[in-house]
Amino acid sequence: MIRRTVFRWTAWVAGVLVLGLLVTWIWWRESDTAARWRFEEAMRTYCGGVLAYEEGPLFEGLGHEVALRGDHSPRKDAHTCWLGTSRRQVVVALLPGGDPGPGELRDALPPLRDGVLLPLPLGGGWRGWIDGSSARVLLDCRGSADRVAVTVEMTSRLREEDAEEVFAEPERMWEDTDHLFGTRFALATAVKAAGRWGCEAETGKPLTSLPEVTRDEEAERADGTCAGLPFALDRRLDTVRETAVDRSAVYEICEVTASHHFSTDAYSFSARFGPYALAARRAGDLRDTTGEAGAGGGTFWASARCPGDTERALFTGYVPPVAFTAWFPGEKGGEAFGLPAFHEFAKRSAERHGCTDLRLPKTR
């Protein structure tokens, strides 16, 4: 009798335990709270544990339903991972100061993609830009030449077919995109990674909006990176497309065209700072040149020493071949705008960023 009672009691306890385990398993699989716990546990190590998934002053946080689609770490303190069904790519890396090798640059600074927009400075005291394809952030570490670099691709990348609508209503272009969300995520991730890697960094203010979209405007109304160029040297030139000026910008562009003569090809002037200047030297058309300034084949380059950067800033200029031939009917002349405009562009950009030792190509 005693044995039978013990057996029944044991079976009952076992049943309760099995039922309890089943309920716990169902809760763990189906509960929203448990899903959040699993997500947070995974994020402690995913992408090196440096992604800003938590809610904070810079970012509203990632939802636990976000799918983690891949994780790659090519070296210590350099991570590439993908989020969501659209596989949004995120690159987070500590870029050592001095002269980083090609692999370290490649791990930290993904190649630029052609976008509908020029690189718009983030503002708010942040170094970086947004260009319709991605947001890029650069944090400088105090007391060293190291930097934290973050790139976040947008899930709703702007396309060429969107351009007409974007430039027609620039104040509305961000309304139906996730660009502000992605940019705030990039900023918060950069700050978290800097803290994780012992980088004491200067940060900016929380972003509540994104910069206004750059669109074509009359040359005489230029008030950004094209302001002050000697347009009087060539009366054909009438249209500019420029980025806003910002001391924290790390990539600036000015494009100048003649709407009645060569609207599809433009004079193009650019300025890159910090590791982006180094990456452009190593990967661009200027990789085989020597010296800190020069000219050749319709291309100009210049350089300057800028505060906080071990790399010299890189300024480049391009003269479209059609500028030598597309003149007003009955007129014929030589190209006179390119080099003087490049000089002025580089001087103004260098001064704006507090750069010194500006080296420019010689005038003819």
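**Close-ups of a predicted model**

**View 1. Tyr53 in its loop.** Tyr53 sits in the loop that runs between helix H2 (32-43) and strand E1 (68-75). The model here is a predicted one. With a relative accessible area of 9%, Tyr53 falls under the 20% cut-off and so counts as buried. Setting aside neighbours within four places in sequence, what does Tyr53 contact? The partners are Arg36, Phe39, Glu40, Met43, Gly61, Leu62 and Lys192. Gly63 is 10 residues away from Tyr53 along the chain, yet their C-alpha atoms are separated by 7.8 Å.

**View 2. The whole chain, and how far to trust it.** Stepping back for a moment, the protein has 7 helices and 15 strands. Of its 364 residues, 48% are buried. Take the contacts between residues at least 6 apart in sequence: 61% of them join residues at least 24 apart. On confidence, the average pLDDT is 84, and 85% of the residues score at least 70. Where is confidence lowest, and where is it highest? The low point is helix H1 (residues 2-30), with a mean of 50, and the high point is helix H7 (residues 338-352), at 97. Residues 18-28 have a pLDDT below 50, and beyond near neighbours in sequence that stretch has 7 contacts in the model.

**View 3. Helix H5, mostly tucked away.** Helix H5 covers residues 179-196. Its 18 residues, at 1.5 Å each, should span 26 Å; the end C-alpha atoms are 25 Å apart, so expectation and model agree. Is H5 largely enclosed or largely open? Since 13 of its 18 residues are buried, H5 is largely enclosed by the rest of the structure. Just past the helix, Gly198 takes a positive phi of about 70°.

**View 4. Helix H7 under its strands.** Run the length check again on H7: its 15 residues should span 21 Å, and the end C-alpha atoms are 21 Å apart, so this one agrees too. The buried residues in H7 are Gly338, Leu339, Ala341, Phe342, His343, Phe345, Ala346, Ser349, Ala350 and Arg352. What covers them? The cover includes strand E10 (251-258), strand E11 (262-272), strand E13 (299-305), strand E14 (313-318) and strand E15 (356-359). Just after H7 comes Gly354, with a positive phi of about 70°.

**View 5. Glu153, a buried acid.** Glu153 belongs to strand E7 (residues 147-153). Its relative accessible area is 17%, and because the cut-off for buried is under 20%, Glu153 makes the buried list. Which residues does Glu153 touch, leaving out those within four places in sequence? Look for Arg88, Gln89, Arg113, Ser133 and Ser134.

**View 6. Inside the second largest pocket.** This pocket holds about 380 Å³ of space. It is lined by 15 residues, and those closest to its centre are Arg127, Asp140, Arg247, Ser248 and Pro307. Strand E5 (126-130) and strand E6 (134-140) each bring at least two residues to the lining. Which element gives the largest share? That would be E6, with 3 residues. By chemistry, the lining splits into 6 nonpolar, 4 polar and 5 charged residues.

Technical notes: Residues numbered from 1 in each chain as written. Predicted model: local features only at pLDDT ≥ 70, side-chain atom pairs only at ≥ 80, totals over all residues. Heavy atoms only, no water. pLDDT = per-residue confidence, 0-100. Helix = DSSP H or I, 4+ residues; strand = E, 2+ residues; numbered from the N terminus. Contact = heavy atoms within 4.5 Å. Expected span 1.5 Å × (residues − 1). Buried < 20%, exposed > 50% of the residue type's maximum accessible area, 1.4 Å probe, protein only. 1 Å grid on protein atoms, 1.4 Å probe; cavity = no way out; pocket = protein on both sides within 12 Å on 5 of 7 lines; lining within 4 Å. Points joined across faces, edges and corners; volume = space filled by probe spheres on them. Nonpolar A, V, L, I, M, F, W, Y, C, P; charged D, E, K, R; others polar.
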